[in-house]
Amino acid sequence: MCTYNTETLDVYGSAKGATGWFRATQATVYFDHPVHHAAGHALMVDLLNPSRGASARVGLELDAESARDLANAILRTLDSVPEGLLDH
Amino acid sequence: MTYDLRAFTTEIEGHDGDRIEAYAAVPESAEPTPGVVVIHHMPGFDEQTKEIVRKFAANGYAAMMPNLYSREAPGASPDDAAAAARASGGVPDARLVGDVAGAQTWLRARAESNGKTGVIGYCSGGRQTVLAACSLDMDAAVDCYGAFVVVDPPAEHVLKVTSLTGLLPRLSCPMLGLFGAEDQYPSPEQTATLVEILAEHGKDFTHHTFDGAGHAFFAVERPSYRPDAAVEGWSMIWDFFGRHLS
């Protein structure tokens with residue numbers, strides 16, 4: 001089904017999309033029908049900059065296990081950052 | 001018979017008089033033809049749904065699909081437009097009705113129109129088909145596995161979609177519902193509730209739930225595709241629209 005299940009958050013960073021690098025200001029996370037990944041549903045992440053138009057986007061479509069592995073890897077990486085570096 | 005057809009992208013007047021993009025396919029025939037509004041699913045105004053629009057024309061129907069994301073992302077690729085629409089909160093129900101009304105007006109205004117128009121949608125478009133058929137004067141509607149017609153989405157889903165239970169007494173036309181027995185959204189229990197409510201209000205609703213099929217069994221490009229259910233489902237659609245839109 002089209003789940004409507006969506007989280008939206010503000011982010012600060014950069015992303016590289018079809019037209020090159022752009023400042024990413026927003027992210028959406030949702031579990032719904034993918035466009036390209038061959039599955040009924042997938043965990044999707046969009047990094048966006050709405051002020052730069054709809055094509056300022058990097059999209060990810062992952063199966064649920066891959067998405068959890070990625071999320072855990074991100075958290076492990078952040079947890080292992082030497083003291084003081086997260087402030088810069 | 002299979003009709004030759006002409007397919008093209010155009011602009012129509014949608015909700016609030018907004019100019020929106022639409023994709024149309026019409027049979028190359030001088031005969032009076034009915035019209036069908038095709039409502040795309042949440043992944044957008046995409047190639048797969050355009051193929052469905054052309055399928056209607058090949059079968060003798062003038063068909064039009066309004067781009068529900070025209071405003072959020074004019075000219076963007078369908079996947080980027082769908083992402084932009086989702087990020088900005090989705091398609092409001094009132095706007096959907098206005099955009100479908102615009103497509104219906106375009107179809108009725110064709111010189112070859114027989115005056116009849118139906119509406120069909122898949123997945124989120126199934127729910128929006130029920131919404132349109134309860135809000136506009138339609139001649140027939142086909143809801144293909146639309147979720148959240150008789151139940152609200154979980155509260156944590158931020159897109160502001162609600163059930164259509166309160167609107168169902170206003171269903172304006174005969175409706176066909178096509179569902180999968182293994183689908184949970186809508187589940188067979190939700191389909192039974194829909195049947196009960198529409199029967200209570202004396203509405204003409206026929207439905208079929210296909211064994212061995214889940215959600216999106218019509219979607220040829222997805223692993224959910226079930227050829228047996230899809231072929232039989234299309235046959236039911238031609239029979240239903242043939243009876244109510246001729």
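**View 1. Helix 1 of chain A lies across two strands of chain A.** In this predicted model, the two strands under discussion are strand 3 and strand 4. Take strand 4 of chain A as your guide: helix 1 of chain A runs at about 120° to that strand.

**View 2. Here's the open sheet of chain A, built from four strands.** Reading across, the strand order is 1-2-3-4, and the pairing is antiparallel. Which strands sit at the edges? They're strand 1 (6-17) and strand 4 (57-62) of chain A, and each of them pairs on one side only. From one strand to the next, the twist averages 25°.

**View 3. Let's zoom in on strand 2 and strand 3 of chain A, an antiparallel pair.** Strand 2 covers residues 20-32 and strand 3 covers residues 42-48, and seven bridges link the two. To get your bearings, find Asp32(A): the residue opposite is Ala42(A), in strand 3 of chain A.

**View 4. Chain B joins the picture through its helix 2.** Helix 2 (residues 78-87) of chain B lies across strand 1, strand 2, strand 3 and strand 4 of chain A. Its angle to strand 2 of chain A is about 75°.

**View 5. A nonpolar patch shows up on the surface of chain A.** Its members are Leu60(A), Leu70(A), Ile74(A), Leu78(A) and Leu86(A), and together they have about 440 Å² of accessible area. Where does the largest share of the patch come from? Helix 1 (residues 64-79) of chain A supplies it, with three residues. Leu70(A) lies in that helix. Leu70(A) counts as partly exposed because its relative accessibility is 38%, and that class runs between the 20% limit for buried and the 50% limit for exposed.

Technical notes
Residues are numbered from 1 along each chain as its sequence is written. Chains are lettered from A and ligands numbered from 1 in the order in which they are written. This is a predicted model: local features need pLDDT of at least 70, side-chain atom pairs count only at pLDDT 80 or more; totals for chains, interfaces and linings use all residues. Side-chain values use heavy atoms; hydrogens and water are left out. Patches are made of residues with over 30% relative accessible area and no salt bridge: like charges are joined within 9 Å, nonpolar side chains (Val, Leu, Ile, Met, Phe, Trp, Tyr) within 5 Å. Accessible areas come from the Shrake-Rupley method with a 1.4 Å probe; for residues, only the protein chains shown count as cover. A salt bridge is a side-chain nitrogen of Lys or Arg within 4 Å of a carboxyl oxygen of Asp or Glu. Buried means under 20% relative accessible area, exposed over 50%, partly exposed in between (1.4 Å probe, protein chains only). Two strands pair if DSSP finds at least two bridges between them. Axes are lines fitted to C-alpha atoms, for helices over the stretch in contact, and angles run from 0 to 180 degrees between N-to-C directions. Contact means heavy atoms within 4.5 Å.
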